[in-house]
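Me: I would like to learn how to read a model like this one. Could you take me through it feature by feature?

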Amino acid sequence: MGDERKIYGLEKLRETLKVSEPTAKAMRSNRATETKPEIKLRQALWAAGLRGYRKNVRRLPGAPDVVFGPSKVCVFLHGCFWHGCERCTRNLKPRKNAAYWQAKIMRNQERDRRNEAALEADGWFVLTIWECELKEGLPAFVERVLQAVERRRKSHG
Ligand SMILES: [Zn+2]
């Protein structure tokens, strides 16, 4: 809840402030820099012996967070609020502008589905981990990534 309020405040600020183009640019690039959850995920992948991935590959739909090019495996790390994690958003209390946020989150979810479908149509294997899963589900997720990469590396010769 605290985080959302913070995010909400930030969005409000962006909407109300008239910022110069350089400032707007800095705000955008700030958003694009890596977050703690991303670092945690990549450290776990690295520790499992996974190498040779690229991060935030923007030429692919949805700019997957981690991409294993040769085996065509890509990984998304979804923030629970913005991407509408069922486990986490289920218990949210209605708030001011609830409809606005719901619409925004639904658009994100639709876009996620479209991106995933486009990737799969192009032969990619897509794995997604939610931010809340990083706490306890990370080892199991890393194992799934490891298996997918190995399996597909073999089948792709
Ligand atoms: Zn969640």
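Me: Where is A63 found?

Reply: A63 lies in the loop between β1 and β2. Helices (H or I, at least four residues) and strands (E, at least two) are DSSP runs, numbered from the N terminus. Before we go on: this is a predicted model, where local features need pLDDT of at least 70, side-chain atom pairs count only at pLDDT 80 or more, and totals for chains, interfaces and linings use all residues. Residues are numbered from 1 along each chain as its sequence is written.

Me: What is phi of A63 near?

Reply: Here is the general idea first. Most residues other than glycine have a negative phi, and most peptide bonds are trans. Phi of A63, however, is near 45°, a positive value in a residue other than glycine. N56, placed in the loop between β1 and β2, also has a positive phi, near 45°.

Me: How many other C-beta atoms lie within 10 Å of A63?

Reply: A residue is buried if 20 or more other C-beta atoms lie within 10 Å of its own, exposed if 12 or fewer, and partly exposed in between, with C-beta atoms placed from the backbone. A63 has 15 such neighbours within 10 Å, so it is partly exposed. N56 has 14 and is therefore partly exposed. Of the protein's 157 residues, 17% count as buried.

Me: In which order do the strands of the sheet come?

Reply: Strands of a sheet pair through backbone hydrogen bonds, either parallel or antiparallel. Two strands count as paired if DSSP finds at least two bridges between them. In this model, four strands form an open sheet in the order β1-β2-β3-β4, with mixed pairing. The edge strands, each pairing on one side only, are β1 (54-55) and β4 (125-130). Strand β3 (residues 73-78) runs parallel to β4, joined by six bridges, and H78 has W130 in β4 as its bridge partner.

Me: Which element has the lowest mean pLDDT, and which the highest?

Reply: pLDDT is the predictor's confidence in each residue, from 0 to 100. Where it is low, the predicted coordinates should not be read in detail. Among the elements, helix α1 (residues 2-16) has the lowest mean, 48, and β4 the highest, 98. The mean for the protein is 83, and 75% of its residues reach 70 or more.

Me: How many residues does helix α3 have?

Reply: Twelve, residues 36-47. The expected span is 1.5 Å times one less than the number of residues. From first C-alpha to last, α3 reaches 16 Å, close to the 16 Å expected. Just after α3, G49 takes a positive phi of about 95°.
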